[in-house]
Amino acid sequence: MGEANENPYDMDSSSFDSEMYLERLLKDCSLKQIMDTEAAVVKDTQTLHSDMQTLVYENYNKFISATDTIRRMKDDFKQMETDVNLLMTKMQSITTFSEQITGTLQGTRSQLCRLSEKHSLLKRLQFLSTLPAKLKSLIEEQNYSQAVQDYLHAQKVFAQYGRQPSFDGIQRDCDAIMADLKERLRKDFQRAGNTAQSLTEIGELLLQLDEKTSDLASEMLTCAGKRLHEQIVMLQDQTERDMLEFVDMGIDGFLNDLALVVTSYFDMFVAKHYEHERDDFQENALQELNVFLNQNIDKYLTLVQDRVESDIGYGDTQVMLRALDRLHRRLQAMRNICRGLEVQRNTVSIIIGAAHQLCDAHSKNLKDHFADSLSAVRLSLVSAKSDTGSLNLSDLISNLYVAMVEKIKGVLQDLLIFLRTDWSFNIKAEHKGALCVEGIRENLLIGFLRHIAKVMCGFGDASSSSPPNLLLVLSKTCLELEQQGVHILIALVDDLYEIDSENSATLTHETEICAEMRETAQALLDAYVRLQGTNISQMLRKSVETRDWLNCLEPRSVRAVMKRVVEELGSIETVVASLYESTGTTASGFRTTASSDSSRKTYFSNFASASKPQYRSNWSNYTPSQLESSYVSNIHRLFSERVEIFTSVDFTKASIVMGIIKIGLKTLLECVRLRTFSKFGLQQIQVDAHYLQMNLWRFVSDENLVNFLLDEILGSAVQRCLESVLMEPNAVEIICERG
């Protein structure tokens, strides 16, 4: 710092050397830099000169103002000095006159003091002489407070003059009167129905009359407890009032009385120290008061909780929460008023309980609404069947799906009222409240979604007599929920209630519910396929079991049952196509081209080949001895893949219809294996199989599987035939085309 001040090149330094600065400037700087430096120095010099002039002008004005002020002060002090001298002269005169008056009135003043003391004594004596009559008059007027005050005031006089015989009688009369008053106050104190204010007033008077403090403290809590119990009983009968009126009555009556009792008791027995009581009296009194306060608050909040439980699901939730919010604010105020006391219970537990109970009520309503929706769907399906009218299953699914989703959204919005920011309570900040918020997600939403899956899955049980279309509607509805409904609802509840479900290990993830919905949809769709397949199977089984295959006539037409089966499959395919898309179909849902010409011929594949899966059947080319041989069928089975019949189907039209066809054809195959056929019986099976082949290819995407099963059916008939002679293929085609 010292080196900077001694720098000869610094203009602001005290050791600045202009010659050295100029010499350095000429040596180190160019002409332009020197000229710029000159301009800067000139500018700074002019600025400093201007600032110095301004400073001089400002200080000059101040100096002129100060001179004027000093001149005026000299003039003012001269006048003030004259006035002070005059005042001093007058004060001396006043002091002289005062001393003269005091000397003159000295004797009179002493006499006046003695007379005043005598007058005061006479007034006290007069007060004592009239005290008994005055006390009786005040007691008759029930002005107990004034009577006690007068008696306590007279006690000081009695203490000074009580040994005089005249005053002794007055004191005995007053003591007797106050003893009667004390007894009356004690009875009034113990009387039922006393308000908290009257208990407080009577208690104060008894304390002033030297009632035993510990006994009075216990008795005060006992009497106050009776009064508060009466108010609890009265509130129990107020069932016709709404929740807000009920809480207001409790606040204005019960809680106000309780607060008054607590504060009065605290001021009388806890805040004051009594010499004649034990050292731990205040501590014990505070403990008893705390127990009394919590017992009564617990009784009242239990009553409120019972009322809340009875109103949940029937009354207005917003009105209920407004009432509980008002009660919560009042209890918070009581905590501030009741110093040194611990109120152990608050309304938050009641509100959390109400939220849980409302969740249960909403859950029941959702389940009832879902049951009603299912009943409406079943009724619509039955009505459409009885009226033989067409029913749009897509509309049923849409109505069922939208009704469920919108109902759940409405419930989630209704429960959001518990988290409003203008309430004095915050249930999310409480541990149980946070669990309650998570419970809305888990118990209500997730629980209901699982209930949907469980109930729908029950319709797919083998013991259930559900209509096939109902299974289809429910399966598609579950699929819609899995694809979008579950995500929409879980995202909604997480957003509304600010739940971080992605990072929570305890909350159910969306993928779990989606998996359950898809499993349910799959089970219902499989049940639909089994049920429809069973219906087709029953028709085919009866047609085989009720016919005499040994005495058949030569076939001239396709049996009616085969036509009915094709018609039934067409109806099923139409219904399924309205819900599930399929490739290779037209707008009507039917295939328009076959994969090969074999679907239009009378031929069936006997052998499987890696290069080409379809071959023309050679059953008609074998001799009877060859047809009776089991080699052909054994070789055929050896090179054929095993066909799974009762497997899960895909959510496509072709897969669903193929599953139904497989069950029907498998049933036909098993029935054929149990019968014995004549030549014409075998030929009838040949005609029926070819008719099925001509028509079933339209419903499936893989006709090889259909051909394989039909091949198996005809092969089994050949093996069970007594005279295995097949009809000419052209004749079979003519019969099938003729219908």
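Met73, Phe77, Met80, Val84 and Met88 form a nonpolar surface patch of about 490 Å². The model is predicted. Phenylalanine 77, one of the patch residues, is placed in helix H3, which covers residues 31–104. Its relative accessibility is 48%, so phenylalanine 77 counts as partly exposed; the cut-off for exposed is over 50%.

**Overall composition**

The protein chain contains 23 helices and zero strands. Of its 739 residues, 42% are buried. The accessible surface of the chain is about 41,300 Å², and carbon and sulfur atoms account for 51% of that area. When contacts between residues at least 6 apart in sequence are considered, 78% of them join residues at least 24 apart.

**Packing of H2 and H3**

Helix H3 also takes part in a helix–helix contact with H2, which spans residues 18–28. The two helices pack at an angle of about 145°, and their axes are 8 Å apart. On the H2 side the contact involves Tyr21, Leu25, Leu26 and Asp28; on the H3 side it involves Gln33, Ile34 and Thr37. By type, the residues of this contact are four nonpolar, two polar and one charged.

**Salt bridges**

The whole structure holds 23 salt bridges. Three of them are listed here with their N to O distances.

| Pair | N to O distance |
|---|---|
| Aspartate 257 – arginine 227 | 4.0 Å |
| Arginine 329 – aspartate 325 | 3.0 Å |
| Lysine 409 – glutamate 406 | 3.9 Å |

The salt bridge of aspartate 257 with arginine 227 has an N to O distance of 4.0 Å. Aspartate 257 belongs to helix H9 (residues 243–270) and arginine 227 to helix H8 (residues 213–236), so this pair ties together parts that are 30 residues apart in sequence. Aspartate 257 has a relative accessibility of 14% and therefore counts as buried, whereas arginine 227, at 22%, is partly exposed. The boundary between these two classes is 20% relative accessible area.

The salt bridge of arginine 329 with aspartate 325 lies within one helix, H11 (residues 317–337). These two residues are four apart in sequence, so about one helical turn separates them. Aspartate 325 is buried, with a relative accessibility of 8%. Arginine 329 is partly exposed, with a value of 44%.

Lysine 409 and glutamate 406 are likewise placed in one helix, H13 (residues 393–415). They are three residues apart, or about one turn of the helix. Lysine 409 has a relative accessible area of 27% and is partly exposed; glutamate 406, at 45% relative accessibility, is also partly exposed. Elsewhere, Lys666, Glu670, Arg673 and Glu712 are joined into one network by salt bridges that share partners.

**Two buried positions in helices**

Leucine 303 lies in helix H10 (residues 281–311). Its relative accessible area is 11%, so leucine 303 is buried. Apart from neighbours within four places in sequence, leucine 303 contacts Ile232, Leu235, Gln236 and Phe246. One of these partners, isoleucine 232, is 71 residues away from leucine 303 in sequence, while the C-alpha to C-alpha distance between them is 7.9 Å.

Glutamine 522 is found in helix H16 (residues 510–545). With a relative accessibility of 19%, glutamine 522 counts as buried, the cut-off being under 20%. Leaving out neighbours within four places in sequence, the contacts of glutamine 522 are with Ser648, Val649 and Phe651.

**A loop residue with positive phi**

Glutamate 498 is placed in the loop between helix H15 (468–496) and H16. Although glutamate 498 is not a glycine, its phi is positive, at about 55°. Its relative accessibility is 65%, so glutamate 498 counts as exposed.

Technical notes: Residues are numbered from 1 along each chain as its sequence is written. This is a predicted model: local features need pLDDT of at least 70, side-chain atom pairs count only at pLDDT 80 or more; totals for chains, interfaces and linings use all residues. Side-chain values use heavy atoms; hydrogens and water are left out. Patches are made of residues with over 30% relative accessible area and no salt bridge: like charges are joined within 9 Å, nonpolar side chains (Val, Leu, Ile, Met, Phe, Trp, Tyr) within 5 Å. Accessible areas come from the Shrake-Rupley method with a 1.4 Å probe; for residues, only the protein chains shown count as cover. A salt bridge is a side-chain nitrogen of Lys or Arg within 4 Å of a carboxyl oxygen of Asp or Glu. Buried means under 20% relative accessible area, exposed over 50%, partly exposed in between (1.4 Å probe, protein chains only). Contact means heavy atoms within 4.5 Å. Axes are lines fitted to C-alpha atoms, for helices over the stretch in contact, and angles run from 0 to 180 degrees between N-to-C directions. Ala, Val, Leu, Ile, Met, Phe, Trp, Tyr, Cys and Pro count as nonpolar, Asp, Glu, Lys and Arg as charged, and the others, Gly among them, as polar.
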